[in-house]
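Please take the sequence and the model together, and follow the chain through a few of its helices, their packing and some of the side chains between them.

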Amino acid sequence: MNPYLITILALLVGFSLFHIWIHALNLSAVQPEIPAEFKGVYDPEKYAKSQTYLRENTRVDIFTHILKTGVLISFILLGGFNLLYQTASGFASSLILQGLIFAGLLMLVNTIWGLPFQLYDTFVIEEKYGFNKTTPKTFVMDQIKGLLLGVLIGAPLFAALIYFFDVAGGNAWWISWLVVTLLQLVLLYIAPVFILPLFNKFEPLEEGSLRSALENYAKAQGFQLSGLFKIDGSKRSTRANAYFTGFGKNRRIALYDTLIDNHSEEELVAILAHEVGHAKCKHIHKQLAIGILSTGFLFWMLSLFVREPDLYRAFGIPGEAPLPLYAGLIFFSFLYTPISAVLGILTSILSRKFEYEADAYAVNTTRGSEALISGLKKLSVDNLSNLTPHAWLVFLEYSHPPVLQRIQAMRKLDPA
């Protein structure tokens, strides 16, 4: 039997079983008693609702994971990828055109297959627990815009990668790495101005006490605010958030309208301080550098396997020259799964460290920890967050430390 097929099937089944186990284990860490830190903030009824929300999401996640894994394995074994290959090669003789058709069909199949799960999550679960504000029109438009962006950005990039791996031989991996890195930097620069506004309305934060407080804080820290914006997060959800994006003159700090409506001025200054902390500590640059290095490693690994005939045979495609390299670019992602998982864990560990550092920056540059703690508590309650996730799930998947650990760390920074 094909060794690549055995490896890929083992990885799919193994990672699926592990995912199910770790999320089932997470339910065992649920504590029916409200943690002391949240008493008086989380009322018993809403706390019980948060645990029901967690259990229902976990059950749906496990069912979805089993179903998706089963369908993917069936798609591989029953020749689904070969059917897409035969269709693409029947429509075009050019390797690049074949690749674009193959990728387009795969994206279409994946979108149609994933649509019911997105609909259920948005209009059933999120609706049931009071989060959803997305209208059917907004949902459809988001799907269309996402597909168009995927075509406009993804198609030229995928065509370029096919070309490089076809003609550049041993140099293909580093040329592809260079091109992807340049594109990533361009997108980071233009996204706040041209891409993100396609999905949300960005409005400069209106003049008033809040804007003055935020600008005064930024000025005191020597932080140049290129843009301070309010976005219409309430268009899709009641959830609140704030984030820092872009660089150079397109650097922006965005506050959800839901965040502004539900938090005090002092809390919002502390939340801004946390975001400024990420910038001051160079977290964005460090994460970008790690991402670039990871991409280079991925392309180097890809170059070792993309011309292996058995990789194509594992997916039902004849491993005969000329190889459809465009399919190999996609098939390699299955082999890369364990490396991607390890890199994801390491990245999450670093991300959690960065969150502690940004919290510390906020505490040290505002009036202590209470404002940020209060803001985090409100966010946790409003989002029905799980306050007691299992330590293994945190280690494997959490990009942010659990809120109780963040609060504990911040309290230690307050003057005695």
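**A walk through the helices**

Asp 43 caps the N-terminal end of helix H2, with a side-chain oxygen that lies 3.1 Å from the backbone nitrogen of Glu 45. This is a predicted model, in which local features need pLDDT of at least 70 and side-chain atom pairs count only at pLDDT 80 or more, while totals for chains, interfaces and linings use all residues. Residues are numbered from 1 along each chain as its sequence is written, and side-chain values use heavy atoms, with hydrogens and water left out.

Helices, here and below, are DSSP runs (H or I, at least four residues), numbered from the N terminus. H2 covers residues 44-77, and its 34 residues should span 50 Å at 1.5 Å a residue, which agrees with the 50 Å between its end C-alpha atoms; the expected span is 1.5 Å times one less than the number of residues. After H2 comes Gly 79, whose phi is positive, near 90°. Among the buried residues of H2 are Tyr 47, Tyr 53, Leu 54, Glu 56, Ile 62, Ile 73 and Ile 76, where buried means under 20% relative accessible area, with a 1.4 Å probe and protein chains only. The buried residues of H2 pack against helix H1 (3-28), helix H3 (80-91), helix H4 (95-128) and helix H12 (325-335).

In helix H4 the residue to look at is Gln 98, which is buried, with a relative accessible area of 10%. Leaving aside residues up to four places away in sequence, Gln 98 touches Ala 88, Ser 89, Ala 92, Ser 93 and Tyr 326, a contact being heavy atoms within 4.5 Å. The side chain of Gln 98 also reaches the backbone oxygen of Ala 92 at 2.9 Å. Gln 98 and Leu 78 are 20 residues apart in sequence, and their C-alpha atoms are 21 Å apart in space.

Tyr 326 appears again where helix H5 meets H12: Phe 158, Leu 161, Ile 162, Phe 165 and Asp 166 of H5 are in contact with Leu 325, Tyr 326, Leu 329 and Ile 330 of H12. By class, this contact has eight nonpolar, no polar and one charged residues; Ala, Val, Leu, Ile, Met, Phe, Trp, Tyr, Cys and Pro count as nonpolar, Asp, Glu, Lys and Arg as charged, and the others, Gly among them, as polar. H5 (residues 136-167) and H12 pack at an angle of about 105°, with their axes 9 Å apart, and they are therefore roughly perpendicular to each other, a description that applies to angles of 65 to 115 degrees.

How do helices H10 and H13 lie relative to each other? H10 (residues 283-305) and H13 (residues 337-365) pack at an angle of about 175°, with their axes 11 Å apart, and are therefore roughly antiparallel, as angles over 145 degrees are counted. Their contact includes Gln 287, Ile 290 and Phe 297 of H10 and Leu 350, Ser 351 and Phe 354 of H13, and the residues of the contact divide into eight nonpolar, four polar and two charged.

Within H13, Ser 351 is buried, with a relative accessible area of 9%, and touches Gln 287 and Ser 399, not counting residues up to four places away in sequence. Glu 355 also lies in H13 and is buried, with a relative accessible area of 6%. The side chains of Glu 355 and His 274 are joined by a polar contact of 2.9 Å, that is, a pair of N or O atoms within 3.5 Å, of which, within protein, one must be able to donate a hydrogen and the other to accept it, and residues adjacent in sequence count only if both atoms are side-chain atoms. With residues up to four places away in sequence not counted, Glu 355 touches His 274, His 278, Ser 399, His 400, Pro 401 and Arg 406.

Key: Helices (H or I, at least four residues) and strands (E, at least two) are DSSP runs, numbered from the N terminus. Buried means under 20% relative accessible area, exposed over 50%, partly exposed in between (1.4 Å probe, protein chains only). Axes are lines fitted to C-alpha atoms, for helices over the stretch in contact, and angles run from 0 to 180 degrees between N-to-C directions. Angles under 35 degrees count as roughly parallel, over 145 as roughly antiparallel, 65 to 115 as roughly perpendicular and the rest as oblique.
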